[in-house]
Amino acid sequence: YMREATGSSASKYFRSALDGVDFRTLGISGGLVLIWTSIGLIRNIDYAFNRIWRIEIETPFYKRILLYSIVLIAVPVGLAMFIGLKSVFFLNEGIHSFEHQFLFSIWIWLFIFSLYKIIPDTYVKIAPSVISSGVAAIGVATVQKTFLNISANVFRQNKIYGSLASV
């Protein structure tokens, strides 16, 4: 519980407020808010992608929600597996910088390419998808490499404030 450092009246107020909370209701309402905000996020992403291609949305809403839900579940799991395998290979084989960066860039390029092909509600030609996803993957790799170099330099210069640089 709380310490009495805030004063006895404040502690009593907080304890009475916490005693009145029904955590089952809080969990149910929190879950409903999470679902509502997730659907809003999916809707905004869908509108943004289709606005980029300047097309009207014709796919039913439930099919788009299903597609995005699969993407939102599969992508974090896939990235976790990829990062886990990448770290295992890095520790076992000792392959460094260029090979890992190239492999990571290829995976990012494939991910962005698949987003450009799957999400719009129209046929997207392969050449524009390949070019734009390649440029985006190069941009992501450049930002990642720049962040790693800056963080490494800050960590070397100051061990106390260097950890704050990554935040």
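Start with helix H3, which gives the most to the lining of the largest pocket: seven residues. You're looking at a predicted model, so keep that in mind as you click around. To pick out H3, select residues 61–93.

Now bring up the pocket itself, with a volume of about 290 Å³. Its lining has 13 residues, and the closest to the pocket centre are Gly78, Leu79, Phe82, Trp107 and Phe111, so show those five as sticks. Which elements give two or more residues to this lining? They are H3 and H4. Colour the lining by class and you'll get eleven nonpolar residues, two polar ones and no charged ones.

Next stop: helix H4. Select residues 97–118, then zoom in on Trp109 and Phe113. The structure holds one aromatic pair, and this is it: the ring centres are 5.8 Å apart and the planes sit at 20 degrees, so the pair counts as stacked. Trp109 and Phe113 are four residues apart in H4, which puts about one helical turn between them.

Switch on a surface and check each partner. Is Phe113 buried or exposed? Phe113 is buried, because its relative accessible area of 19% falls under the 20% cut-off. Trp109, with a relative accessible area of 25%, is partly exposed.

Then hide the rings and go looking for charges. Side chains of opposite charge can pair when their charged atoms come close. How many salt bridges does a search of the whole structure find? It finds one. Select Arg64 and Asp46 and draw a distance between their closest N and O atoms: you should read 2.5 Å. Arg64 lies in H3 and Asp46 in helix H2 (residues 23–52), so the salt bridge ties together parts that are 18 residues apart in sequence. Both Arg64 and Asp46 are buried.

Stay on Asp46 for the last stop. Why does Asp46 count as buried? Its relative accessibility is 2%, and buried means under 20%. To see what surrounds Asp46, expand the selection to its contacts, leaving out residues up to four places away in sequence: Asp46 touches Ile57, Arg64, Tyr68 and Ile119. Arg64, the salt-bridge partner of Asp46, is among those contacts. For a final view, show H2 as a cartoon with Asp46 in place on it, and add the side chain of Arg64 reaching the pair distance of 2.5 Å.

Definitions and conventions. Residues numbered from 1 in each chain as written. Predicted model: local features only at pLDDT ≥ 70, side-chain atom pairs only at ≥ 80, totals over all residues. Heavy atoms only, no water. Salt bridge = Lys/Arg side-chain N within 4 Å of Asp/Glu carboxyl O. Buried < 20%, exposed > 50% of the residue type's maximum accessible area, 1.4 Å probe, protein only. Contact = heavy atoms within 4.5 Å. Phe/Tyr/Trp six-rings, centres within 6.5 Å; stacked < 30°, edge-to-face > 60°. 1 Å grid on protein atoms, 1.4 Å probe; cavity = no way out; pocket = protein on both sides within 12 Å on 5 of 7 lines; lining within 4 Å. Points joined across faces, edges and corners; volume = space filled by probe spheres on them. Nonpolar A, V, L, I, M, F, W, Y, C, P; charged D, E, K, R; others polar.
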